[in-house]
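Please look through the structure shown here and read the report beside it, which takes up a helix, a pocket and a group of aromatic rings in turn.

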Amino acid sequence: MAKIINISEAASLAIHSMALIAKTPEMLNVNEIAELTHASRNHLAKVMQALVKNDFLSSIRGPHGGFALANDPSNISLLDVYEAIDGKYHEHYCGIEEGKCPFTTCVYGPLVGKFTSEFYDYLKNKKLSEIL
């Protein structure tokens, strides 16, 4: 079944982690970010690996290591981060797959389409620098 407006825990962790790293002058490691976000360290580590792999973050190992932004936060949209974790954004307007709904007119009316479009526009137009 398709989902209406969805942001996974992983994508939410990615956006929050990126914002924490951007606003903190010193490098943050996985343990520190997990503590600040109250997230599972193991889950967060996988999210952080994906952000490094997609060139959003650089990482340094060791006792004084951690993560740093690889790009200027004014050049990173929240949609960029979302898609790095959850894949290409797809608008979903209903919880029932297209062509399988028993109704000819949407029971939600235009409301779900409006929410979905606004969510997409917010992610697309909001830069990481704007949420610091």
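At 21% relative accessibility, does Tyr-120 count as buried or as partly exposed? Tyr-120 counts as partly exposed, because its relative accessibility of 21% is not under the 20% that buried residues must stay below. The model discussed here is a predicted one.

**Aromatic rings**

The count of aromatic pairs in this model comes to three. A pair of aromatic rings is described by the distance of the centres and the angle of the planes. Two of the pairs, both involving Tyr-89, are set out in the table.

| Pair | Centre to centre | Angle between planes | Kind |
|---|---|---|---|
| Tyr-89 and Phe-119 | 6.2 Å | 45 degrees | tilted |
| Tyr-89 and Tyr-120 | 5.0 Å | 40 degrees | tilted |

Tyr-89 lies in the loop between helix 4 and helix 5, whereas Phe-119 lies in helix 5, so that their pair ties together parts that are 30 residues apart in sequence. Tyr-120 also lies in helix 5, and therefore its pair with Tyr-89 ties together parts that are 31 residues apart in sequence. Tyr-89 has a relative accessible area of 8% and is therefore buried, and Phe-119 is buried as well. Ring pairs link Tyr-89, Phe-119 and Tyr-120, together with Tyr-82, into a cluster.

**Helix 1**

Helix 1 runs over residues 9–23, and because each residue should add 1.5 Å, its 15 residues should span 21 Å, which agrees with the 21 Å found between its end C-alpha atoms. Its buried residues include Leu-13, Ile-15, Met-18 and Leu-20, and the buried residues of this helix pack against helix 2, helix 3, strand 1, strand 2 and helix 4.

One residue of helix 1 may serve as an example, namely Ser-17. Ser-17 is buried, since its relative accessible area is 0%, and, leaving aside neighbours within four places in sequence, Ser-17 is in contact with Ile-33, Leu-44 and Met-48.

**The largest pocket**

Rolling a probe the size of a water molecule over the atoms shows where empty space is left. The largest pocket has a volume of about 390 Å³ and is lined by 17 residues, of which Val-30, Ser-59, Ile-60, Arg-61 and Phe-67 lie nearest its centre. Helix 2, helix 3, strand 1 and strand 2 each supply at least two residues of this lining, and the largest share, five residues, comes from helix 3. In character, the lining residues divide into seven nonpolar, eight polar and two charged.

Conventions. Residues are numbered from 1 along each chain as its sequence is written. This is a predicted model: local features need pLDDT of at least 70, side-chain atom pairs count only at pLDDT 80 or more; totals for chains, interfaces and linings use all residues. Side-chain values use heavy atoms; hydrogens and water are left out. Helices (H or I, at least four residues) and strands (E, at least two) are DSSP runs, numbered from the N terminus. The expected span of a helix is 1.5 Å times one less than its number of residues. Buried means under 20% relative accessible area, exposed over 50%, partly exposed in between (1.4 Å probe, protein chains only). Contact means heavy atoms within 4.5 Å. On a 1 Å grid over the protein atoms alone, a cavity is a set of points where a 1.4 Å probe fits but cannot get out, and a pocket is an open set with protein on both sides within 12 Å along at least five of seven lines; lining residues have an atom within 4 Å of a point. Grid points are joined across faces, edges and corners, and a volume is the space filled by probe spheres set on the points. Ala, Val, Leu, Ile, Met, Phe, Trp, Tyr, Cys and Pro count as nonpolar, Asp, Glu, Lys and Arg as charged, and the others, Gly among them, as polar. Rings of Phe, Tyr and Trp (its six-membered ring) pair if their centres lie within 6.5 Å; planes under 30 degrees apart count as stacked, over 60 as edge-to-face and the rest as tilted.
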